[in-house]
Structures are given as C-alpha cells and as structure tokens.
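Here is a short report on one protein model. Keep the sequence and the 3D view open while reading.

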Amino acid sequence: MRLGPAAIVLGVGLVGALAGGAAGQVSVAAQVDTSKPIYEGEQFAYYVVIEGDDNPGTVDLAPLAVYQPQSMGGQSSTFDVNGRVTRRYIMQFLLSAPGAGLVRLPPVKVAVNAKAYTTNAVQVSIVKPGSTDKIDVVVELPVRRCYVGEPVPATVRWFVWLSEA
C-alpha cells in the first residue's frame, strides 16, 4: 500500500503530536515524499516541518541551490490530543532531481521567532526511467489540410515486440 504526501506528512505530524514535548519547544525536520519513485530530471516534494509553532519560518535554501528549489507555500495546523495542543507549520518546496543514484540533501537552517534551527539531512534515491526498443507507435493523420476547429481523425497503432524464449 502506498501513501500520498499528505498522509506521510499527517502521519509524521500525529506521531509528533502524540510524542509531545514541552510547551513552547520548537523543532524542525526535513522530509521528502518517497511514496512513488523519483526519476532523474523530475521535480519532487521537499518539506520543512516546524513543530511547536504554527507560524512560517525563514528557510535558508542556499545548501539546496543545485536542486533549483521553488517554494510551493505552506500550511498551518493545530492538533489537540488529550488536552495537549500541538502547533505545526509545513512548508513545501519543489526540487529538481539530478542524475540517478543515492542523493543526500544537506540540512538547511530555519529561523523561527528569531531563533535558529537546523533540519536533518535527507537521503533520496533517484532512479533512471526505464526504456525499451520492444515498442513502436505509428500515428497516421489525413494527408489533406485541415482548418482551425475541424476535428482531425488520427489512427494510432501500437506494436509490442515479444521475444521468444
């Protein structure tokens, strides 16, 4: 069973809420959604989770510059588990995957309420997309010209070559 990014972040959040901590204590963590393969050249989600505060922090993305980070915003949440209130802010960034292999994303510095924190490093496995010469696709279009808005019929043929053992 595979979990989506929201389930992973929520799961980590609930574990943190149940584990609890001293009131006003802030911690930060980095994580990556690994519920599906990350292919080289693709973008993938990188999260900075601020536990103990529901305000956005300031993230120094300089260590991740080679991955071309793009901010996708954030969301605030508050959990009340058996009277213990936990606040959290999750910031999402998109990073570009380099070539295939095991990649270690370095820790980043996060400022929350004028205090400096450092996230954990995250290890990510980036895979090369598969390829094959066992499939051919042929698309046939009408020879005549067509005009804007005209439906154009197309014939698509798939050829899958099976090898005999």
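Which residue in S6 does Ala45 stand opposite? The partner is Leu94. The sections below set that pair in its surroundings.

## The model and its confidence

This is a predicted model. The protein chain averages a pLDDT of 83. Of the residues, 84% score at least 70. Two stretches fall below 50: residues 6-10 and residues 12-22. Beyond near neighbours in sequence, residues 6-10 have 9 contacts in the model. For residues 12-22 the corresponding count is 15 contacts.

## Overall make-up

The protein chain holds 1 helix and 12 strands. The helix comes at the start of the order, which runs α-β-β-β-β-β-β-β-β-β-β-β-β from the N terminus. The chain has 165 residues, and 29% of them are buried. Take the contacts between residues at least 6 apart in sequence: 63% of these join residues at least 24 apart.

## The four-stranded sheet

Ala45 and Leu94 belong to the pairing of two strands. Strand S3 covers residues 43-51 and strand S6 covers residues 84-96. They pair in the antiparallel sense over 9 bridges.

S3 and S6 sit in an open sheet of 4 strands, in the order S1-S3-S6-S5. The pairing is antiparallel. Strand S1 (27-32) and strand S5 (70-81) stand at the edges. Each has a single partner strand, so one side of each is left without a neighbour in the sheet. On average, neighbouring strands of this sheet are turned by 20 degrees against each other, direction ignored.

## The three-stranded sheet

A second grouping is an open sheet of 3 strands, ordered S2-S10-S7, with mixed pairing. Its edges are strand S2 (38-39) and S7. Each of these has a single partner strand, so one side of each has no neighbour in the sheet.

S7 and S10 run antiparallel and are joined by 5 bridges. One contact point is easy to find: Leu102 has Ser125 in S10 as its bridge partner.

## The S8-S9 hairpin and Asp60

S8 and S9 form a hairpin with 2 residues between them. In the turn, Asn113 has a positive phi of about 50 degrees. S8 runs antiparallel to strand S9 (residues 115-118), and 4 bridges join the two. Lys109 has Thr118 in S9 as its bridge partner.

Lys109 also meets a residue far off in sequence. Asp60 and Lys109 are 49 residues apart in sequence, yet 5.4 Å apart in space, C-alpha to C-alpha. Asp60 lies in strand S4 (residues 58-60). Leaving out residues up to four places away in sequence, Asp60 touches Val108 and Lys109. Is Asp60 buried or partly exposed? Asp60 has 38% relative accessibility, so it counts as partly exposed.

## The nonpolar core

The largest nonpolar core has 26 residues. Those with the most contacts inside it are Val32, Tyr46, Val48, Ile50, Leu105 and Val110. Several strands feed this core. S1, S3, S6, strand S7 (101-105), strand S8 (109-112) and strand S10 (122-127) each supply at least two of its residues.

Two core residues deserve a look in the viewer. Leu105 touches Val32, Phe44, Tyr46, Leu64, Tyr67, Leu95, Ala121, Val122 and Val124, not counting residues up to four places away in sequence. Ile50 lies in strand S3. Ile50 is buried, with a relative accessible area of 0%. Outside its neighbours within four places in sequence, Ile50 contacts residues including Val26, Val28, Pro56, Tyr89, Met91, Val110 and Val112. Arg88 is also among the contacts of Ile50. Ile50 and Arg88 are 38 residues apart in sequence and 5.5 Å apart in space, C-alpha to C-alpha.

## The aromatic pair

How many aromatic pairs does the count give? It comes to 1 aromatic pair. The two residues are Phe159 and Trp161. Their centres are 6.1 Å apart, with 10 degrees between the planes. The pair counts as stacked because planes under 30 degrees apart fall in that class, and the angle here is 10 degrees.

Both partners are partly exposed. Phe159 has a relative accessible area of 33% and is partly exposed. Trp161, at 46% relative accessibility, also counts as partly exposed.

Methods:
Residues numbered from 1 in each chain as written. Predicted model: local features only at pLDDT ≥ 70, side-chain atom pairs only at ≥ 80, totals over all residues. Heavy atoms only, no water. Phe/Tyr/Trp six-rings, centres within 6.5 Å; stacked < 30°, edge-to-face > 60°. Buried < 20%, exposed > 50% of the residue type's maximum accessible area, 1.4 Å probe, protein only. Pairing = 2+ DSSP bridges. Axes fitted to C-alpha atoms, helices over the stretch in contact; angles between N-to-C directions. Core = buried A, V, L, I, M, F, W, Y, C linked by side-chain atoms within 4.5 Å. Contact = heavy atoms within 4.5 Å. pLDDT = per-residue confidence, 0-100.
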